[in-house]
Amino acid sequence: MAFFPLDEASGDALDAGPSGYTFTDNGTVQSASSEGPDADATVRYFLETNGECFSRADDPDFDMATSNFSVAGWAKIAGVGVNFETEPLMTKKSASGTVAGWCVAFGKDNQSPANINANTLTEISDGTTNITYTSVDTGINEDTWFHFCFTFDRSGNLDCYINDGTTLQSIDISSISGNSIANSEEIEIARHGFQEIDGHLSHVGIWDKALDSDERTALYNGGSLLAPDPATGLKAGLTNWWDLDEGSGDAIAQYGGVDLVDNNTVGTTASGVPDSGSARSFTAANDEYFTAAAGKVWASGTTMTFSIW
């Protein structure tokens, strides 16, 4: 339904899906490079002390009124102080308790290093009955990248999966099956009420269905954020991948490790690029191109596929 790579250098969070939702930057959300489980991605970094988060005004598309839904992505919870902390991920519910809406969140205990737990702030409510998740240790420590996936099967259970493992805990939510959880509140990433996350987020999405095991495995992508997009499941057999979204200079490999050398100052453009991204712009009259050393990209005598926009 909506998928946010959260790879912008600054500003609003942009949906890479066909609907093109924009979430407004609050408090000047930062970015961090050489991050993610592969230490090779640009991600967004949130500081609670600055009130940093993304938000979108009330939008019925995100109500999930009576439908199944899932929220998934990558997170790294920061080790800020030795305190119990709530770390919200995505919510359309500004207050806990019997207020209609939904929220997914983690918590951090007061150990050093801190343990990350699936938090009781993860909840779903029809405005009369509020169902919360059980606090369960994820086995993940602070400052460690992990993949999360919450699935809400309205006629069954609320489940939380970490790194494509088995569910931490199944919570029966069938008692409010068929009851609307819609509200008129804004949808938020990294905030719930007065609480914000301390840490990093990347590749956060929301689906209007309960993702099955194959879909969760594809999103986890073997524990990698490396291209191609984890949602495609096409990493097997890939030798090299270049996003070609640098502002200038060499083309940096997002997968495969073979950077391409800039010859004669290849340009860059954002004009007409799919998903409002950026691309490299070549001028033939200037003899602009990229090169890699012989034998670095693929072995001779093998079959291959080459894909490009």
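**Entry 1: an aromatic cluster**

I started with the rings, and found that Phe4, Tyr21, Phe23 and Phe62 form one aromatic cluster. Note to self: this is a predicted model. Phe23 turned up again when I looked up the largest nonpolar core, where it is listed among the residues with the most contacts inside that core.

**Entry 2: ring pairs**

How many aromatic pairs does a search of the whole structure find? I got 13. I picked Phe69 and Phe152 to look at in detail. Their ring centres are 4.2 Å apart and their planes sit at 10°, so I wrote this pair down as stacked. The cut-off I needed here is that planes under 30 degrees apart count as stacked.

Next I checked where the two rings sit along the chain. Phe69 is in strand S7, which covers residues 69-77, while Phe152 is in strand S14, residues 146-152. They are 83 residues apart, and the pair links distant parts of the chain.

Are Phe69 and Phe152 buried or exposed? Both are buried.

I then tried Phe148 and Phe150. Their rings pair up as well, but this pair is tilted, with 6.2 Å from centre to centre and 55° between the planes. I looked up burial for these two and found Phe148 buried and Phe150 buried too.

**Entry 3: a charge over a ring**

Which residue lies over the face of Tyr161? I found Arg216 there, at 3.6 Å from the ring centre.

**Entry 4: the core**

The largest nonpolar core has 46 residues. Those with the most contacts inside it are Phe23, Met90, Trp102, Phe106, Phe146, Phe148 and Leu201. So I have now met Phe148 twice, in the tilted pair and in this core.

I listed the neighbours of Phe146, skipping residues up to four places away in sequence. Phe146 touches Gly73, Trp74, Ala75, Ile77, Phe106, Ile116, Ile140, Ile162 and Asn163.

**Entry 5: the whole chain**

I zoomed out at the end. The chain has one helix and 26 strands. I noted that 46% of its 309 residues count as buried. Among contacts with a separation of 6 or more, 62% are between residues 24 or more positions apart.

For overall size, the C-alpha trace spans about 70 × 40 × 40 Å along its principal axes. A compact globule with 309 residues would have a radius of gyration near 19 Å, and the chain has 21 Å, which agrees. The accessible surface comes to about 13800 Å², and carbon and sulfur atoms hold 48% of it.

How values were computed:
Residues are numbered from 1 along each chain as its sequence is written. This is a predicted model: local features need pLDDT of at least 70, side-chain atom pairs count only at pLDDT 80 or more; totals for chains, interfaces and linings use all residues. Side-chain values use heavy atoms; hydrogens and water are left out. Rings of Phe, Tyr and Trp (its six-membered ring) pair if their centres lie within 6.5 Å; planes under 30 degrees apart count as stacked, over 60 as edge-to-face and the rest as tilted. Helices (H or I, at least four residues) and strands (E, at least two) are DSSP runs, numbered from the N terminus. Buried means under 20% relative accessible area, exposed over 50%, partly exposed in between (1.4 Å probe, protein chains only). A charge sits over a ring if NZ of Lys or CZ of Arg is within 6 Å of the ring centre and within 35 degrees of the ring normal. The radius of gyration is taken over C-alpha atoms; the globule rule is 2.2 Å times the number of residues to the power 0.38. Contact means heavy atoms within 4.5 Å. Accessible areas come from the Shrake-Rupley method with a 1.4 Å probe; for residues, only the protein chains shown count as cover. A nonpolar core is a set of buried Ala, Val, Leu, Ile, Met, Phe, Trp, Tyr and Cys residues joined through side-chain atoms within 4.5 Å.
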